Amino acid sequence: MNTRTPPGQTIVAIATPPGAGAVGIIRLSGPEALAIAARLFRPSRSTSSTLLPPWRLRLGHVLDASGSVLDEVLAVAMPGPRSFSGEDTVEFHCHGSPAVLASILDAVVAAGARPAGPGEFTCRAFLNGRLDLAQAEAVAELVAAPGREAARLALSNLSGLLSARVAALRDRLTELRAAICLAVDFPEDETDGFDRDGFLNRLDEVMSEIRALLAAGERGRVAREGARVVLAGAVNAGKSSLMNALLGRERAIVTSQPGTTRDFIEEPLDLGGLTVRLVDTAGLRETGDAVEREGLRFSRELMAAADLVVLVVDGSRPSAAGGHDLSGFAPERTLVALNKADLPPAAPDPMVRLSALGLETLRLSARTGQGVDILAKRLRERLAGTMPQGEAAPAPNLRQRQALSLALAELTALSADARAGRPEDILGVGLETACAQLSTVTGEIVSEDVLADIFSRFCIGK
Ligand SMILES: Nc1nc2c(ncn2[C@@H]2O[C@H](COP(=O)(O)OP(=O)(O)OP(=O)(O)O)[C@@H](O)[C@H]2O)c(=O)[nH]1
Ligand SMILES: [Mg+2]
């Protein structure tokens, strides 16, 4: 998309999702927004001298150029710069009929506006200084949030928490830069000479703050993208049955034949606001079958990449827990589902060996559903521990983490240089580079390409 829209262009889009709904919103932004709206809108009662008094909803009709009524609407004008985009903005709140919305969109375009590209309203908000880049990205993240936790994080970034933290770090680097400049310009000034130890200490503080932000970002990934929970275990243990029980519908094929699942199946599962990606895998066993072997390779890779592995064990089979090597299942990343609790337990009870290994083990029955709710609750609790806690931990996204990592790498090199006694002016250059990296997070410095890439991922009308 064109991120540098020539001034003078007024854009329009349907801001609500496609399809029928109670209300559909047409949004106009740009210098002509009010004039175009005036051409199309007829208020039901003309109580005010202005057609669209600012920030007041007015009932009326939208007409096309020939004067035929397209819909009865509520219209609101939001003059710039106090609007989302920072420009004059008008919204028509129409009946949510795709046909009506399409005809109003056509009428607005005929009256002089241009259809908006993806994210163009937010891009204008950024270019007009209403939002910085991290906040603009948070708008898209909020819209796309898969669950409440992801929405909470996006909202905290939208409020500017991350931007403020990054700006504070940049300020501290700027102060260090000033101290260096002073030392370079007035080397003979003994009293205000360059305090190398003090410099290194302050640099260390900034670096550990960046590391903390990076760690919070990694935890934020779980909330944003959904933690990956992998159901693993021996063939016939009941992994697919448990997948269906957790989802509350028959998604995976279940049979009494060992080796039923050959490919993996991934489905989103909402655990009380926390969205996870639940993955059913091919059961673990030695096999000569090439397809099954390939499935097993997937299983192992999925287990390695999982945020949490649910090891499904058939509690009614004597050899169940002893059937495979449990050394790969670290207690902090594993929850054992001792399945088939509706059948008489095997002797000796597999629970004993599993608990002795320090593995949290829950008895349940995927067939009757007994204990499945407790598993869901524990999954949520265990995964919540891997996520950012409280408002004080803003979670940078992938792009922002890359910028932070580059800044950290620069500062690491700089710190080594300072320790090695390199001259101050060289240190100054490194500080400038790190500052520039931090500036790309909030977008003070950012290339057209990066902007275009970010906003192209938005929806139209946002
Ligand atoms: N009695 C009882 N049977 C169960 C339970 N869970 C699963 N089963 C049965 O165990 C058999 C295997 O179940 P699946 O869910 O297909 O097992 P799986 O682990 O996905 O097996 P593979 O895909 O072959 O690795 C089926 O006959 C299920 O009906 C349970 O809680 N109780
Ligand atoms: Mg299966």
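**View 1. What sits around ligand 1, sorted by residue class.** In this predicted model, the shell around ligand 1 is made of twelve polar, six nonpolar and four charged residues. Out of the 22 residues surrounding ligand 1, the ones that come nearest are G238, S240, S241, T261 and G283. As for secondary structure, helix 8 (residues 239-247) puts in the most, with three residues in the shell.

**View 2. Strand 12 and its two rows of side chains.** Here we look at residues 334-339, a strand that is mostly covered. How many of the residues in strand 12 are buried? Six of its six. Side chains in a regular strand alternate between the two faces of the sheet. In strand 12, T334, V336 and L338 point one way, while L335, A337 and N339 point the other way. Whichever way they point, all of these residues are buried.

**View 3. Strand 12 next to strand 11.** Strand 11 (residues 308-314) runs parallel to strand 12, and six bridges join the two. For a handy landmark, find D314, which stands opposite N339 of strand 12.

**View 4. Strand 12 next to strand 13, and the helix on the way.** Strand 13 (residues 360-363) also pairs with strand 12 in the parallel sense, over four bridges. The landmark here is L335, standing opposite E360 of strand 13. To get from strand 12 to strand 13, the chain passes through helix 10 (residues 350-356). Which hand does this β-α-β crossover have? The crossover is right-handed.

Note on methods: Residues are numbered from 1 along each chain as its sequence is written. Chains are lettered from A and ligands numbered from 1 in the order in which they are written. This is a predicted model: local features need pLDDT of at least 70, side-chain atom pairs count only at pLDDT 80 or more; totals for chains, interfaces and linings use all residues. A residue is buried if 20 or more other C-beta atoms lie within 10 Å of its own, exposed if 12 or fewer, and partly exposed in between; C-beta atoms are placed from the backbone. Two strands pair if DSSP finds at least two bridges between them. A crossover is right-handed if, with the strands pointing away from the viewer, the path from the first strand over the helix to the second runs clockwise. A residue is near a molecule or strand if its C-beta atom, placed from the backbone, lies within 6 Å of it. Ala, Val, Leu, Ile, Met, Phe, Trp, Tyr, Cys and Pro count as nonpolar, Asp, Glu, Lys and Arg as charged, and the others, Gly among them, as polar.
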